[in-house]
Amino acid sequence: MRRMMAVCNKELQAYFLSPTSYFAFAVYVLMTSLLFYSSFVYYQPSIVDYRLVLGDTLSMLLFVVPLLTMRLVAEEFRQGTDELLLTSPARVTEIIFGKYLASLAILVALILCSLVYPFIMSFFGELDLTSVWLSALGLFFLGGSMMAIGLFASTLSQHQMVSAVAGFIILLVLWMLDSFAGNSGSALQQWLDPFALTNRFDSFTKGVLSGPDVLYYVTLSGVFLLLSIQIVERKRWR
Amino acid sequence: MLEVKQVSKVFDGRRGVHQLDFTMERGEIVGFLGPNGAGKTTTMRMITGYLHPTAGSITVDGISVHDQGRSVRSKIGYLPETPPLYPDMTVQSYLKFVANLRDVPAREVKLRISEMVSRLGLQGREKQLVRGLSKGYKQRLGLAGSIIHKPDLLVLDEPTSGLDPNQIMEIRDLIRELGENHTVLLSTHILPEVSALCNRMLIINQGQLVLDGSPQHFGSAMGDQFKVSIEVKATEQQLHNVLTPWEKVRVEVIQASAGQASTASADTVKMLLTGESSDDFREELFYILSGAGLPILEMKKENLSLEQIFLKLTTTETETESESELATQEPEADEVQLANLATDEEAHPDTTSDQEQSTKAGSALSDSHTGEDSK
């Protein structure tokens, strides 16, 4: 546990020191606020609903998450510091979870940033608070599994850019899984639909917290974390 | 303490280490030598658990590195060739991170950090970013990180590479100091370092152990014949008259300089005497020459230096090649070459850390051997 927290602390320090994370935050805040402006202020919808701007926030995560996770493991390989981590008494599991925990902390910061929009909206009408809080929770689950995927991508290469692109592609594929099979209710689509990254998110925004949805995101994160652990552990067997 | 049994490592069909076998006792400082690509780093990585061996087993204090990696890894301090540092961290936060990672008891962390800082001369740099440290300080910080948890076994991969001579001395002193309480395995390709630091050395070549023993012991053990080089105030002819009847030694003239009347300097002859056995004949030589009234200006026992042993052991192929090559040459040309090389050797009587020099001495050695053989 202590070793995991040590890794987590180190990663958080690195987040605060690296220009990439500031850049990612800046892009995220800038783009979501622009989209907020266009879809709420400019378009002036007749109802006040957080869901109107939530979709834009989601799509921005697709770009920002790989930027935030690309460094996590790839940089260790590049710097040769994996030699320190892998020869220390820490388990690879502790190392990977430490890193994941740090990325979750960053994710919380991102979500807090995007809570500004419902706050602004609340001045213009009655907001369904349940839906807002559950949306934030949904964002956390969705973002969390995206972070796990990004972390996994980061173990694939020692080059950050390769990791970022790989992460983005995996995320994109999972994101668009439901539209791959066409829009008719074909058997393939029915089979793929439950695995699509954002489908499960909708119920959160409707104010419904359902077990299967939570389980989906937790499992997805778990699978990719396990894969990351295996890939790092495999390095010993080169 | 450390037991390496029949360890092999294969990388994608390429052989890294082949059936390596050695043990280390507690309190030893062992030098691990070998040319680049011999498998030193691979072996160290396997000992520290960074890589798993393809075959064989490594145990530390009887515990297998493979099966109980974590408990073994907590006993080992490892400094890779490039110190594993995070450029964006400060010296202090790095040490704190490593201390936590390496299970230093929480209440001792602060104490250990200050201990390491003062021990490795990092005072005043605690708040400095690692990025801004010089190579020497980075090496020290890496070393601090590898000993902060007081390991039983310390594995150092080329701890002095890339440092300036002063820093090398400092790091060596430090390693010697560490050797008092820890068992140390250090790899290097700087040979004098081994004789300066280690009480045992292992030479590895192409993934196989070629030699195991103490550096002091090798000098005489490897040179199977007793060799003495002398400088005598005499003419070549005089010396030949005296020494030719003495059948125990073979005489080679290295350099004969005729005295010049203008500077009133006398004739001097430098020669290499090789005994038939490893018996010391210096005393006898002294009486023979003094009996003949020929003053000895210089007499030096020629030990095989570490460089020569190293080259002899690690370049067997090239040596046999050059041997066959030389055998086809005219004996006369052979001798000329020998004389040239011998003077070369004479110009650098004390073979030191200089890598270039060692190659020179080595080639002189291999050539002079063939030269003698063909005589």
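Okay, so just after helix α3 of chain B, B:D103 takes a positive phi of about 65°. Before I go on, this is a predicted model, and local features here need pLDDT of at least 70, side-chain atom pairs count only at pLDDT 80 or more, and totals for chains, interfaces and linings use all residues. Residues are numbered from 1 along each chain as its sequence is written, with chains lettered from A and ligands numbered from 1 in the order in which they are written.

Back to that helix. α3(B) runs over residues 91–101 and is mostly covered, with nine of its eleven residues buried. By buried I mean that 20 or more other C-beta atoms lie within 10 Å of the residue's own; 12 or fewer is exposed, in between is partly exposed, and the C-beta atoms are placed from the backbone. Helices are DSSP runs of H or I with at least four residues, strands are runs of E with at least two, and both are numbered from the N terminus. Among the buried ones in α3(B) are B:Y94, B:F97 and B:L101, and also B:K96 and B:N100. What do they pack against? The buried residues of α3(B) pack against α4 (109–119) and α5 of chain B, together with α1 of chain A.

That brings us to the interface. 20 residues of chain A are in contact with 22 residues of chain B, where contact is C-beta atoms, placed from the backbone, within 7 Å. On the chain A side, the elements giving two or more residues are α1 (2–17) and α5 (82–86). α1(A) gives the most, with seven residues. By class, that side of chain A has eight nonpolar, five polar and seven charged residues. For the classes, Ala, Val, Leu, Ile, Met, Phe, Trp, Tyr, Cys and Pro are nonpolar, Asp, Glu, Lys and Arg are charged, and the others, Gly among them, are polar. The predictor gives the complex an ipTM of 0.89 and a pTM of 0.78.

Staying in chain A for a second, there's a helix pair to look at. The axes of α3(A), residues 51–69, and α9(A), residues 160–175, come within 9 Å and cross at roughly 145°. Those axes are lines fitted to C-alpha atoms over the stretch in contact, with angles from 0 to 180 degrees between N-to-C directions. Which residues meet there? From α3(A) we have A:L62, A:V65, A:P66, A:L67 and A:T69, and they meet A:A164, A:G167, A:F168, A:L171, A:L172 and A:W175 of α9(A). That contact divides into nine nonpolar, two polar and no charged residues.

Now chain B again, which has 14 helices and 14 strands. Buried residues make up 39% of its 375 residues. Of the contacts between residues at least 6 apart in sequence, 70% join residues at least 24 apart.

One sheet to pick out is an open one of four strands, order β2-β1-β4-β5 in chain B, with antiparallel pairing. β2 (14–24) and β5 (63–64) stand at the edges with a single partner strand each, so one side of each has no neighbour in the sheet. Pairing here needs at least two bridges found by DSSP. β4(B), residues 55–60, and β5(B) pair over two bridges, and B:V60 stands opposite B:I63.

Elsewhere in chain B, β6 (76–79) and β7 (153–157) pair in the parallel sense over four bridges, with B:I76 opposite B:L153. From β6(B), B:I76 and B:Y78 point one way, B:G77 and B:L79 the other, and all are buried.

Right by that pair in sequence, B:D152 is in the loop between α5 (135–147) and β7 of chain B. Is B:D152 buried or partly exposed? Partly exposed, because it has 17 other C-beta atoms within 10 Å. Its C-alpha atom and that of B:G77 are separated by 7.8 Å, though the two are 75 residues apart along the chain. Leaving aside neighbours within four places in sequence, B:D152 is in contact with B:K75, B:H182 and B:T183.

Another covered helix is α1(B), residues 40–47, with eight of its eight residues buried. That includes B:K40 and B:R45. Just after α1(B), B:G49 has a positive phi of about 85°.

Last thing, confidence. Chain B averages a pLDDT of 77, and 75% of the residues score at least 70; pLDDT is the predictor's confidence in each residue, from 0 to 100. Over residues 317–375 of chain B, the pLDDT is below 50, and this stretch has 55 contacts in the model beyond near neighbours in sequence.

Conventions:
Contact = placed C-beta atoms within 7 Å.
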